[in-house]
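Here are a few short exercises to work through with the model open in your viewer. Try each task before reading its solution.

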Amino acid sequence: MPQFSREKLESFYRLNIEQHLTELTDDLRRMRIQTALLLIAAFTVCFIWYGYTRESVGGIVAAVLDAALPIIGLLGTWLFHRFGYVRLNNDFKQVIIPKVLNFLAPDMKYHPNSSIAAADCAGSKLCPDFDRCRGADLFCGEYNGVMVKFSELKAEAERHSSKGGTYWETVFRGIFFIGDFQKNFKTNTYVLPDKTERLFGRTFAGFFQRFDNLGWGRGDMVRMEDPEFEKRFVVFSKDQIEARYILSPDLMRAMCTMRDKYSGKIGFAFLKSSVYIAIPSGVDRFELHGGGTFRAIERLAEEIGIFLDIVGILKLNVRIWTKE
């Protein structure tokens, strides 16, 4: 977690955020009350119709209203709540999040409607093949002397059902992070979550790992000497020497720390001069949740800080190498 003083954050909150956040949460509370009243009104109309009015109308008109009234009531209520929340959430993203980010990382910018490019996700080979990719909440810029960017990302693949139809399957959802590694790599190195070793043990894992790698073009499997690292990850590269050079003992320990902290399915790719990290998550982050107190801002700062902390965990700001 980026080191920040709780007292300084609270002072910053009082001066720059509190009034606007209070107005936002008050608006959100009013919108929820209005939504509830609208839903009650819709049920009341339906109750009056079915209980007292329908028999006096009859015919096709009654049949149409039987179907239309509940649909109109529920759809109207949902649209009212949806568009109201989107408006308030956009305000939260345009005003509150940039201020919190400026407190944590003054040299970074926040773009709520942008994301890591689909080409970066595909090029990293950290996600299975996908047909469409979209995201939001892009954070980018310099943090502790390192250029980084990360965003929420969702990648989907089109599948064909046995009945001849098609559907979309989510192959990745979470945070995608790219950071400058401050070294140009001659080839690519991939560090993927090792499921086979946990299932089959080290003796048989190598066979299944090689089989799982077919068609991906990541190179040969690289055995590392750290047993704890080997339990968590499997490494592929076309240059075994460079892979071991990149994955120093300190870096492998840091990656194990990240795996335990963020997600058991976290994956890394070392491409060109950057490290690409895919962190699966089912949580919608950086959203307005209705808390109008300092604690809500503190949680937001912690949520952003979780991913800024990658720079420190992997020591990306420590210049061990220089770019050629």
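**Exercise 1: the length of a helix**

Task: Work out what span helix α3 (residues 59–104) should have, and compare it with the distance between its end C-alpha atoms.

Solution: Bear in mind that this is a predicted model. Start with the count: α3 has 46 residues. The expected span is 1.5 Å times one less than the number of residues, so for α3 it comes to 68 Å. Next, take the end C-alpha atoms, which lie 66 Å apart; the two values agree. Finally, follow the axis: at Lys-93, α3 bends by about 30 degrees.

**Exercise 2: the order of the strands**

Task: Trace the open sheet and find which strands stand at its edges.

Solution: Begin with the order, β1-β2-β3-β4-β9-β8-β5-β7-β6, which makes nine strands with antiparallel pairing. Then look at the edges, where β1 (108–111) and β6 (220–222) each have a single partner strand, so one side of each lacks a neighbour in the sheet. On average, neighbouring strands are turned by 20 degrees against each other, direction ignored.

Now zoom in on one pair: β3 and β4 (residues 166–180) run antiparallel and are joined by 13 bridges. Within this pairing, Lys-149 sits opposite Ile-178 of β4.

**Exercise 3: helices on the sheet**

Task: Find which strands α3 lies across, and which strands α9 touches.

Solution: Take α3 to begin with: this helix lies across β1 and β2, at about 160 degrees to β1. Then turn to α9, which packs on the sheet and touches β1, β2, β3, β4 and β9 (274–280). The direction of α9 makes about 110 degrees with that of β3.

**Exercise 4: a residue in β8**

Task: Decide whether Ala-269 is buried or exposed, and list its contacts beyond four places in sequence.

Solution: Locate Ala-269 in strand β8 (residues 267–271). Its relative accessible area is 0%; buried means under 20%, so Ala-269 is buried. The residues it touches are Ser-124, Leu-126, Thr-189, Tyr-190, Ser-274, Val-275 and Tyr-276. One of them, Leu-126, is 143 residues away along the chain, yet the two C-alpha atoms are separated by 7.1 Å.

**Exercise 5: unusual backbone angles**

Task: What is the sign of phi at Asn-144 and at Lys-315?

Solution: Most residues other than glycine have a negative phi. Asn-144, in the loop between β2 (132–143) and β3 (146–160), has a positive phi near 50 degrees. Lys-315, in the segment after α9 (294–313), also has a positive phi, of about 55 degrees. At 47% relative accessibility, Lys-315 is partly exposed.

Key: Residues numbered from 1 in each chain as written. Predicted model: local features only at pLDDT ≥ 70, side-chain atom pairs only at ≥ 80, totals over all residues. Heavy atoms only, no water. Helix = DSSP H or I, 4+ residues; strand = E, 2+ residues; numbered from the N terminus. Buried < 20%, exposed > 50% of the residue type's maximum accessible area, 1.4 Å probe, protein only. Contact = heavy atoms within 4.5 Å. Bend = angle between axes of the 7 residues up to and from the residue. Pairing = 2+ DSSP bridges. Axes fitted to C-alpha atoms, helices over the stretch in contact; angles between N-to-C directions.
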